[in-house]
Amino acid sequence: VDEFIFEIDVIISNISEFNSAKILFEPHKWNSQWRESNPEGYINCFIGNLESGTVDDIIQDEIWFNGNLKPESVEIKNHHAGFEGKVMHLKFKMKDVIKLINLSDPYGIPNNVNVQAKLKNGKILNAETNVEIIYPEK
């Protein structure tokens, strides 16, 4: 008789521990070939319109793209198109960002990406959106 032992990790989180925000990536279309070409450019990320608080409440050395990648630079700007009030401008290397994207999704399916950050009040900021991956070979 074969025995199977399953271990299941359950994470219970209190929704009140999270804070949402508006997020915008420029460019908003990403090229799948960045994985092979290792471009030197950057993806710009803008965060603002926090559910509660402002971008000044974000701990700048506690920010991650898709839970793994820290930004190359962080800057607070007084405004950016489409946002109200101050905006945090993050720069991530293109060649590092594309490595964290699931390129096996069917062509045309948007990829969900997020930026998480720790806030000074102990909550976690979770800002997410979809980006379009371009597959030039298709």
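## A quick tour of the core and its cross-links

Let's start in the middle: Trp30 is buried, with a relative accessible area of 0%. Keep in mind that you're looking at a predicted model. Its chain averages a pLDDT of 85, and 83% of the residues score at least 70. From Trp30 we'll move through the aromatic rings, the nonpolar core, a couple of strands and the charged pairs.

**The aromatic rings**

- There are four aromatic pairs in the structure.
- One of them joins Phe25 and Trp30 edge-to-face, with 5.4 Å from centre to centre and 90° between the planes.
- Phe25 is buried too, at 3% relative accessibility.
- Trp30 also pairs with Phe65: the ring centres sit 6.1 Å apart and the planes meet at 45°, so this pair is tilted.
- Since Trp30 belongs to strand 3 (residues 29-31) and Phe65 to strand 5, the pair ties together parts that are 35 residues apart in sequence.
- Phe65 is buried, with a relative accessible area of 0%.
- Put Phe25, Trp30 and Phe65 together with Phe92 and you have one aromatic cluster.

**The nonpolar core**

- The largest nonpolar core has 30 residues, and Phe25, Trp30, Ile47, Ile58, Phe65 and Val115 are the ones with the most contacts inside it.
- Plenty of elements chip in: at least two residues each come from strand 2 (22-26), strand 4 (42-48), strand 5 (58-65), strand 7 (87-93), helix 2 (94-97), strand 8 (111-119) and strand 9 (124-134).
- Take Ile58 as an example: leaving aside neighbours within four places in sequence, Ile58 is in contact with Leu50, Ile63, Met88, Ala117, Lys118, Leu119 and Leu125.

**Strand 2 up close: Ile23**

- Ile23 is found in strand 2, and Ile23 is buried at a relative accessible area of 9%.
- Ile23 and Thr129 are 106 residues apart in sequence, yet their C-alpha atoms are 6.8 Å apart in space.
- Beyond neighbours within four places in sequence, Ile23 is in contact with Cys45, Phe46, Ile47, Val115, Ala127, Glu128 and Thr129.

**Strand 4 up close: Asn44**

- Asn44 lies in strand 4, and a polar contact of 2.7 Å joins its side chain to that of His89.
- Not counting residues up to four places away in sequence, Asn44 touches Leu24, Phe25, Glu26, His89, Leu90 and Lys91.

**The salt bridges**

- A search of the whole structure turns up two salt bridges.
- In one, the side chains of Lys95 and Glu40 meet at 3.6 Å, N to O.
- Lys95 is in helix 2 while Glu40 is in the loop between helix 1 (34-37) and strand 4, so this pair ties together parts that are 55 residues apart in sequence.
- Glu40 counts as exposed, at 62% relative accessibility.
- In another, the side chains of Lys86 and Asp56 meet at 3.2 Å, N to O.
- Here Lys86 lies in the loop between strand 6 (73-77) and strand 7, and Asp56 in the loop between strand 4 and strand 5, so the pair ties together parts that are 30 residues apart in sequence.
- Lys86 is partly exposed, with a relative accessible area of 38%, and Asp56 is partly exposed at 31%.

**Where to be careful**

- Over residues 9-15, pLDDT stays under 50, and the model has one contact for them beyond four places in sequence.
- Where pLDDT is low, don't read the predicted coordinates in detail.

Key:
Residues numbered from 1 in each chain as written. Predicted model: local features only at pLDDT ≥ 70, side-chain atom pairs only at ≥ 80, totals over all residues. Heavy atoms only, no water. pLDDT = per-residue confidence, 0-100. Contact = heavy atoms within 4.5 Å. Core = buried A, V, L, I, M, F, W, Y, C linked by side-chain atoms within 4.5 Å. Buried < 20%, exposed > 50% of the residue type's maximum accessible area, 1.4 Å probe, protein only. Helix = DSSP H or I, 4+ residues; strand = E, 2+ residues; numbered from the N terminus. Salt bridge = Lys/Arg side-chain N within 4 Å of Asp/Glu carboxyl O. Polar contact = N/O pair within 3.5 Å; in protein donor to acceptor, adjacent residues only side chain to side chain. Phe/Tyr/Trp six-rings, centres within 6.5 Å; stacked < 30°, edge-to-face > 60°.
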